[in-house]
Amino acid sequence: MLDIVRAPDPDYPSLRHVYGATGAPAAIIRPRTTEEVAEALLFARETGGELSIRSGGHGISSISTNTGGTVIDLGRLNGIERISDTMVKLGPGAHWGHVARELYPWGLSISSGDSGDVGVGGLGTTGGIGLMGRAHGLTIDRLRSAELVTADGAVHRVSASQEPDLFWAIRGAGANIGIVTSFEFEASTTPVVAQATIAYQLRDTATFLNRWGALVEQSPREISAFLYIGVGAAPFAQATVVYASDDADSALTALTPFTELPGMAGQRAQIVPYAAVPLTTDAPHSGQQRAFTHTGLVDHLDLDVSHGLGALLAEGSTQMVQIRSAGGAINDVPPDATAYAHRHQNFSVTAIASVDSPRFAAAWEPVHALTTGMYLSFESGRDPGRIMEAFPPATLSRLRAIKSEWDPEGVFSQNFDVTRPSSVPTP
Ligand SMILES: Cc1cc2nc3c(=O)[nH]c(=O)nc-3n(C[C@H](O)[C@H](O)[C@H](O)COP(=O)(O)OP(=O)(O)OC[C@H]3O[C@@H](n4cnc5c(N)ncnc54)[C@H](O)[C@@H]3O)c2cc1C
C-alpha cells in the first residue's frame with residue numbers, strides 16, 4: 001500500500017518544504033520501489049492538480065513542492081550499491097555527499113557538484129557540472145543505464161542499446177520524460193584529490209576574471225575550479241580548485257598559479273578524500289534558501305564577459321556571481337550524444353539575488369547577451385523562451401518528438417517544458 005503523508009501526520013512538517021521554497025501539498029507519496037513510483041504516478045494523475053517530483057529537494061527552480069497538489073518524494077529510493085568494479089547503482093533519493101562517502105572506501109568517486117545535499121535524481125537528469133568535471137566530464141557522461149517510469153506508468157530499462165532515445169533524453173532533460181528510479185554510473189577511480197581554497201580581494205574585477213578564465217583554460221584537465229564572487233564595499237572572491245589526483249607534486253605545480261593571481265589574500269591546500277569536497281550539511285528543509293538566479297554558459301571569460309560581470313557586480317542588485325569551470329572532458333562529448341548539448345563552452349556563470357526584481361533582470365541582460373547556452377539546473381526563472389537557450393534547435397526537435405511519444409498529455413511539464421516555446425528557429 002502506498003505511504004501517503006498528509007497534514008497533520010507527524011512526518012508532514014519535515015516533508016512539505018524544500019531547500020528553496022515552502023509548500024503545503026495535499027499529499028506526499030513516499031514510494032519504496034519502482035512499482036510504487038508507477039502506482040504513485042497513477043494516483044497523482046487520477047487525483048489531478050499540481051504534481052511535483054522530488055529527489056533531494058535542492059532544485060533551484062523550487063518546484064519539487066507545491067500547494068494543494070501531490071508530491072512524489074523519492075527520498076526512500078536512496079540506495080548506493082557497488083555492482084561491479086567501477087559500476088555503482090544509485091537511487092534518485094540518495095544525496096551526492098552520501099554517495100561520495102560510500103564510494104570512497106571502494107576507491108571510487110563520481111564528479112557531481114559543490115553541494116553534497118543535492119539529490120542524485122535532479123542533478124543526474126540534467127547535467128552535473130562538478131569539481132572533477134574537466135577531468136571526468138559531466139555527471140551524466142558517466143551514466144551507463146537507468147530505470148525510468150514514463151507517464152503511462154510503464155517501467156523502462158534504458159541504455160545506449162536499450163531504448164536509446166529515452167536514454168539520450170534523460171541525460172539533460174530527464175524531468176520532461178519521466179521519473180528516473182535508478183541510475184547505474186561508471187565511477188572514476190579517483191578517491192583522493194588535492195583541494196585548494198583561495199580567497200582574493202578584488203581591486204579590478206574584470207581584469208581578475210579575464211586572468212582567472214585564461215588560467216583555468218590553460219590548466220591541465222585535472223583542474224576544475226569554482227569561483228564565488230561577493231559584492232560590497234570591498235568585493236572579494238573565494239575559489240575552490242580541485243586537482244583530480246593524489247599526486248601532490250603535480251597538484252602543487254597546477255595549483256600554484258592560482259595563488260599568484262592579483263589580490264590573493266589567503267589560501268589553504270590539502271590532499272583529501274573527494275568525499276570531503278562537496279559541502280554536505282544534511283540540514284532539514286524549511287525553504288531556507290530562497291534565491292533568484294540568472295545563468296548562462298560562456299565560451300571564455302574574455303574581456304567582454306569579464307567587463308560585463310564586473311558591471312553586474314557593481315550594479316548592486318546581484319548578491320553573488322558563481323563561475324564554474326565546464327570545459328575539458330565535458331567538451332569531449334559530441335553535442336548530439338546527450339540532451340545536454342553544450343559542449344564547447346568553458347564556463348557556467350550564475351548571478352544570484354535575494355529579490356527577483358526587474359532591476360536584477362535588466363542588470364543580467366548585458367551578460368546574458370554574451371552567453372552561448374544555458375544549463376537549466378542553475379536557473380530559477382520560468383520564462384519558457386529560455387528553453388531555446390537550454391536546448392539548441394536540433395536537440396529541442398528530438399526532445400519534442402520523444403516527449404510527444406512518451407508524454408503526449410504533458411504529465412511532466414513542470415520543469416522547463418520542452419513543448420512550451422511556440423517555434424523552433426532553424427539552425
Ligand atoms: C546549493 C546548491 C548547489 C548546487 N551546485 C551545483 C553544482 O555545483 N553543479 C550542478 O550541476 N548543479 C548544482 N546545483 C543544481 C542542482 O543540480 C539542481 O538544483 C538539481 O535539480 C537538484 O537536484 P535534487 O534532486 O536535489 O532536486 P529536486 O528539487 O528534488 O528536483 C528538482 C527537479 O528535478 C526533477 N527531478 C528530480 N528527481 C527526478 C527524477 N528522479 N527523475 C526525473 N526528474 C527528476 C523534477 O522536475 C524536480 O522538480 C546546485 C543546487 C544547489 C541548491
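Strand 3 (51–54), helix 4 (120–123) and strand 9 (179–186) each supply at least two residues of the shell around the ligand, where helices (H or I, at least four residues) and strands (E, at least two) are DSSP runs numbered from the N terminus. Helix 4 gives the most, with three residues. The model is a predicted one, in which local features need pLDDT of at least 70 and side-chain atom pairs count only at pLDDT 80 or more, while totals for chains, interfaces and linings use all residues. Residues are numbered from 1 along each chain as its sequence is written, and side-chain values use heavy atoms, with hydrogens and water left out.

The ligand is a good place to begin a tour. It is surrounded by 34 residues, the closest being S55, G57, S64, D114 and Y375; a residue counts as near a molecule or strand if one of its heavy atoms lies within 4 Å of it. By class, the shell holds 15 nonpolar, 16 polar and three charged residues. Here Ala, Val, Leu, Ile, Met, Phe, Trp, Tyr, Cys and Pro count as nonpolar, Asp, Glu, Lys and Arg as charged, and the others, Gly among them, as polar.

Polar contacts (pairs of N or O atoms within 3.5 Å; within protein, one must be able to donate a hydrogen and the other to accept it, and residues adjacent in sequence count only if both atoms are side-chain atoms) also reach the ligand. A side-chain N or O atom of Y375 lies 2.7 Å from a ligand oxygen. For G119, a backbone N or O atom is 2.8 Å from an oxygen atom of the ligand. The protein buries 94% of the 960 Å² that the ligand exposes when taken alone, with accessible areas from the Shrake-Rupley method and a 1.4 Å probe, only the protein chains shown counting as cover for residues.

Turning to charged pairs, the structure holds 15 salt bridges, each a side-chain nitrogen of Lys or Arg within 4 Å of a carboxyl oxygen of Asp or Glu. In one of them, R45 and E409 bring their closest N and O atoms to 2.7 Å. R45 lies in helix 2 (residues 34–47) and E409 in the segment after helix 12 (393–406), so this pair ties together parts that are 364 residues apart in sequence. E409 is exposed at 65% relative accessibility, whereas R45 is partly exposed at 33%; buried means under 20% relative accessible area, exposed over 50%, and partly exposed in between (1.4 Å probe, protein chains only).

Another salt bridge joins the side chains of R54 and D73 (3.0 Å, N to O). R54 is buried at 4% relative accessibility, and D73 is buried at 7%.
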